[in-house]
Structure formats: C-alpha cells, structure tokens
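Reader: Please take me through the interior of this model in one connected account. I would like to start from the overall layout and then look closely at what packs inside.

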Amino acid sequence: QVQLVESGGGLVQPGGSLRLSCAASGVIFSINAMAWYRQAPGKERELVAAITSRGSTNYADSVKGRFTISRDNAKNTVYLQMNSLKPDDTAVYYCNADVVTTMRVSRNYWGKGTLVTVSS
C-alpha cells in the first residue's frame, strides 16, 4: 500500500504564508506527477498546482505568482509554498500522486487533507 500524509496546515492571517508538505511512503517504485488540490466549503475540489517528475509545473490562475510547488524525489515529498494568502484560499488541501508501485502497477493516490484557514 501507499500512503500520502500532508502536514503544515493551520490558521494564518491574510497576507501571511504557509508551507504544506506531503510525504509518500509504502511500496513505491517511482512517482510521476504530484499535485495539490483544494476544496472549500460548498465547492468542488479544484487543482491548485501540479509538478511532473522532471519538475515541470502548472498552476491554477487564482494562485499564480503566490504559490510555488516543488518536490524532493529522494524523499518522495511534494511541497506547496503559499504566500500572500487570501481568505478565498481557505480550504482543505489534498495531496495527489501518480505512483508506480514495486509491483509495477500505476495507481493514483490521495492524502486525507490538511485544513488551511486564512482569517484575521
């Protein structure tokens, strides 16, 4: 099995910063794309940012210039640096990864999420 565990969420004031981390563990051979999604109350889950195994990135228009996704392949970990946070960024943030297991099976996995609240 593969587990994704997020950390780094919390309460922050508007304009502040947070750094989310997501560590993958288990029967991992390799990880292709990794991504962060978020779901605000009453809204659908949306893609925030994604990164390929080679480091190519893409971002939702709403976070471009404020958020940065990165990864450490040696640690099977993806990060999301969030700056200039706004109340609209309040959501549960989920980690997602396309994993090739040690059995050479490709599967998509989700973390359980970490809550980010932006409020004064």
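Author: Helices (DSSP runs of H or I, at least four residues) and strands (DSSP runs of E, at least two residues) are numbered from the N terminus. From that end, the elements of the protein run β-β-β-β-β-β-β-β-β-β-β, which comes to 0 helices and 11 strands. This is a predicted model, in which local features need pLDDT of at least 70 and side-chain atom pairs count only at pLDDT 80 or more, while totals for chains, interfaces and linings use all residues. Residues are numbered from 1 along each chain as its sequence is written, and side-chain values use heavy atoms, with hydrogens and water left out.

Of the 120 residues of the protein, 40% count as buried, where buried means under 20% relative accessible area, exposed means over 50%, and partly exposed lies in between (1.4 Å probe, protein chains only). Among contacts (heavy atoms within 4.5 Å) between residues at least 6 apart in sequence, 55% join residues at least 24 apart.

The interior itself is best approached through the largest nonpolar core, a set of buried Ala, Val, Leu, Ile, Met, Phe, Trp, Tyr and Cys residues joined through side-chain atoms within 4.5 Å. This core has 31 residues, of which Trp36, Val48, Phe67, Val78, Leu80, Met82 and Tyr93 touch the most other members. Strands β1 (2-7), β3 (18-26), β4 (28-39), β5, β7 (67-72), β8 (77-82), β9 and β11 each supply at least two of its residues, and the largest share, 5 residues, comes from β9. In soluble globular proteins, nonpolar side chains tend to be buried together. Leu80 shows such packing in detail: leaving out residues up to four places away in sequence, its contacts are Leu18, Arg19, Leu20, Trp36, Val48, Ala49, Phe67, Thr68, Ile69 and Tyr93.

Several of the contributing strands belong to an open sheet of 4 strands in the order β1-β3-β8-β7, with antiparallel pairing; two strands pair if DSSP finds at least two bridges between them. Its edge strands are β1 and β7, each of which pairs on one side only. Within this sheet, β1 and β3 run antiparallel and are joined by 6 bridges, among them those that set Val5 opposite Ala23 and Glu6 opposite Cys22. The side chains of β1 alternate, with Val2, Leu4 and Glu6 buried on one face, whereas Gln3, Val5 and Ser7 point to the other face and are not buried.

Strand β11 (residues 114-118) follows an alternating pattern as well, since Thr114, Val116 and Val118 point to one face and are buried, while Leu115 and Thr117 point to the other and are not. Strand β2 (residues 10-12) pairs with β11 in the parallel sense over 3 bridges, and there Val12 stands opposite Val118. On the other hand, β9 (residues 91-101) and β11 pair in the antiparallel sense, also over 3 bridges, with Ala91 as the bridge partner of Val116.

For a contrast with these buried positions, consider Gly55, which lies in the loop between β5 (46-51) and β6 (57-59) and is partly exposed, with a relative accessible area of 38%. Its C-alpha atom is separated by 27 Å from that of Asp88, a residue 33 places away along the chain.
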